[in-house]
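User: I want the reasoning behind the labels, not only the labels. Please set each value against its cut-off.

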Amino acid sequence: MPVSRRALVAAAVCLVLPLSACGSGSEDGSSTDASGKVEGDITFQTWNLRANFKDYFEGVIADFEKEYPGTEVKWIDQPAEGYADKISADAAGGTLPDVVNVSPDLVAPLAKAGLALDLDKAAAKYRKEYLEGAWASHQIPGMTGTYAFPWYLNTGPLFYNKALFKDAGLDPDQPPKTYDELFTDALELADKTDGKVATLANVPTVEDFGRYGVELMNKEGTAFAFNDAKGVELLTKYKELYDAKALDPQALTATPESSGKKFLTGAVAMNPGSALDLGNFKKQAPNLYKNIGITDQITSTGHVNMYVMGVMVNAQTKKKPAAVAFAHYVTDAAHQMSFAKQVAIFPSTAGSLDDPYFTKEDGTDETRVRIAAAKSLKNAVNYTPVLFSEQMKTALRNEVAKALQGKESPKEALDNAVKACDTLLQQQG
């Protein structure tokens with residue numbers, strides 16, 4: 001990619017597929033039978049990976065072709081910008097590659113259109129090789145089946161500035177572990193600094209509501225539900241933080257980059273991140289690095305949030321045995337492990353997170369973050385609903401902003417957000 005937290009968080013716009021493509025794989029006549037000889041030419045598309053990992057992928061492809069004589073894999077890498085639009089165009093034009101790097105939100109419209117192969121039927125024998133939560137991440141509410149092999153995962157801790165905590169009279173070695181503690185400490189820190197230092201830089205997103213224990217959607221996948229009492233409670237707490245300047249005043253328009261800069265400059269006391277960020281702190285903000293605190297994601301559910309990438313097989317490929325075999329090959333334990341040692345990501349395969357690379361301390365902060373993240377990923381979940389499109393994220397963000405500014409009550413804002421998201425959901429068909 002470069003593979004980063006931002007890249008893993010990035011979700012694509014809702015795909016627009018022709019009406020004629022609507023339906024499910026089981027209805028359009030596409031076979032899910034992937035048995036037979038692994039042979040023939042297939043295309044494999046990745047998402048902005050060639051620049052940094054050319055040698056790695058060329059090696060994987062060469063090894064696969066050697067293991068399966070008579071196969072040839074053509075590797076296509078697309079830039080990050082416009083990736084969803086490219087998939088949409090290929091889907092509409094019938095030129096979708098045989099094996100495609102996807103995120104869960106990208107696979108949903110393809111599965112609905114019958115273009116993503118159901119692996120519960122075509123590749124069920126491989127299911128036990130993957131973490132349960134990772135395998136489930138490419139399942140679509142309201143549909144049966146799993147529509148991509150889970151590939152690499154990411155998650156991260158909360159970083160905090162010990163010096164800012166200490167200056168405000170808070171114990172720098174006792175960061176908040178619960179939401180109640182977080183809100184209490186944030187208000188205290190804002191009060192002690194006369195509003196000059198906020199604790200958080202971002203408004204709550206759908207994954208924050210999930211971590212708080214809010215039921216995000218009904219089980220049928222036909223309506224959103226984050227406007228319940230618990231959802232209103234969380235937004236009300238954020239309104240209190242915003243009014244006290246414990247939430248950064250620019251949070252309404254913040255991006256991951258701008259929030260990161262606020263943390264680097266000491267304007268914000270806590271920020272989510274990953275092991276990748278420690279190197280940046282060391283280079284760009286040595287004073288912050290000296291005072292960096294590392295703590296777990298705060299969650300009311302006992303499960304942290306994970307970001308997940310997948311590898312989908314085109315249901316209409318003419319070379320199903322080869323396409324399924326290659327998608328599994330790229331995502332098997334050995335290849336995920338070797339990829340994870342090149343970049344700060346985590347394998348989705350069962351047992352891989354018990355490797356000494358993810359369990360053995362060596363005294364460095366980087367390893368400490370990696371070990372903590374690996375441990376939390378074993379039962380992590382992807383809180384962002386698979387059907388939650390980019391437009392829905394914008395609708396929620398806009399309503400959250402109105403609540404924080406006092407233009408609407410938290411209940412009104414979330415009711416309006418759910419209404420808007422439900423309308424967009426119905427338009428997805």
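Analyst: The turns below take confidence, burial, rings, sheet and backbone in that order.

User: What kind of model is this, and which rules apply to it?

Analyst: This is a predicted model, where local features need pLDDT of at least 70, side-chain atom pairs count only at pLDDT 80 or more, and totals for chains, interfaces and linings use all residues. Residues are numbered from 1 along each chain as its sequence is written, and side-chain values use heavy atoms, with hydrogens and water left out.

User: How do you know what confidence the chain has?

Analyst: pLDDT is the predictor's confidence in each residue, from 0 to 100. The protein chain averages 90, and 93% of the residues score at least 70. Over residues 1–29, pLDDT stays under 50. The model has 81 contacts beyond four places in sequence for that stretch; a contact means heavy atoms within 4.5 Å.

User: Why is Leu110 called buried or exposed?

Analyst: Buried means under 20% relative accessible area, exposed means over 50%, and partly exposed is in between (1.4 Å probe, protein chains only). Leu110 has 0% relative accessibility, so it counts as buried. Leu110 lies in helix H4 (residues 104–112). Helices (H or I, at least four residues) and strands (E, at least two) are DSSP runs, numbered from the N terminus. Leu110 and Asn314 are 204 residues apart in sequence, yet 9.0 Å apart in space, C-alpha to C-alpha.

User: What makes a set of residues a nonpolar core?

Analyst: The set must be buried Ala, Val, Leu, Ile, Met, Phe, Trp, Tyr and Cys residues joined through side-chain atoms within 4.5 Å. The largest such core has 127 residues, and Phe226 and Phe339 have the most contacts inside it. Helix H14 (residues 320–331) supplies the largest share of this core, 8 residues. Apart from it lies another core of 11 residues, including Ala275 and Phe281.

User: Which residues does Phe339 touch, leaving aside its neighbours within four places in sequence?

Analyst: Its contacts include Leu49, Phe53, Trp151 and Ile345.

User: Why is the pair of Tyr130 and Trp135 called tilted?

Analyst: Rings of Phe, Tyr and Trp (its six-membered ring) pair if their centres lie within 6.5 Å; planes under 30 degrees apart count as stacked, over 60 as edge-to-face and the rest as tilted. Tyr130 and Trp135 are 5.6 Å centre to centre with 35° between the planes, which makes them a tilted pair. Tyr130 counts as buried because its relative accessibility is 4%. Trp135, at 1%, is therefore buried too. Phe224 and Phe226 also form a tilted pair, at 6.0 Å and 55°.

User: How do you know that Arg50 lies over the face of Trp75?

Analyst: The rule wants NZ of Lys or CZ of Arg within 6 Å of the ring centre and within 35 degrees of the ring normal. Arg50 lies over the face of Trp75, at 4.1 Å from the ring centre. Lys341 likewise has its charged end over the ring of Tyr357, 5.5 Å from its centre.

User: What makes E2 and E9 edge strands?

Analyst: Two strands pair if DSSP finds at least two bridges between them. The open sheet has 6 strands in the order E2-E1-E3-E8-E4-E9, with mixed pairing. E2 (71–78) and E9 (346–347) each have a single partner strand, so one side of each is left without a neighbour in the sheet. Strand E4 (residues 149–154) and E9 run antiparallel, joined by 2 bridges.

User: Why does Asn48 count as partly exposed?

Analyst: Its relative accessibility is 22%, so Asn48 counts as partly exposed. Asn48 has a positive phi of about 60° although it is not a glycine.
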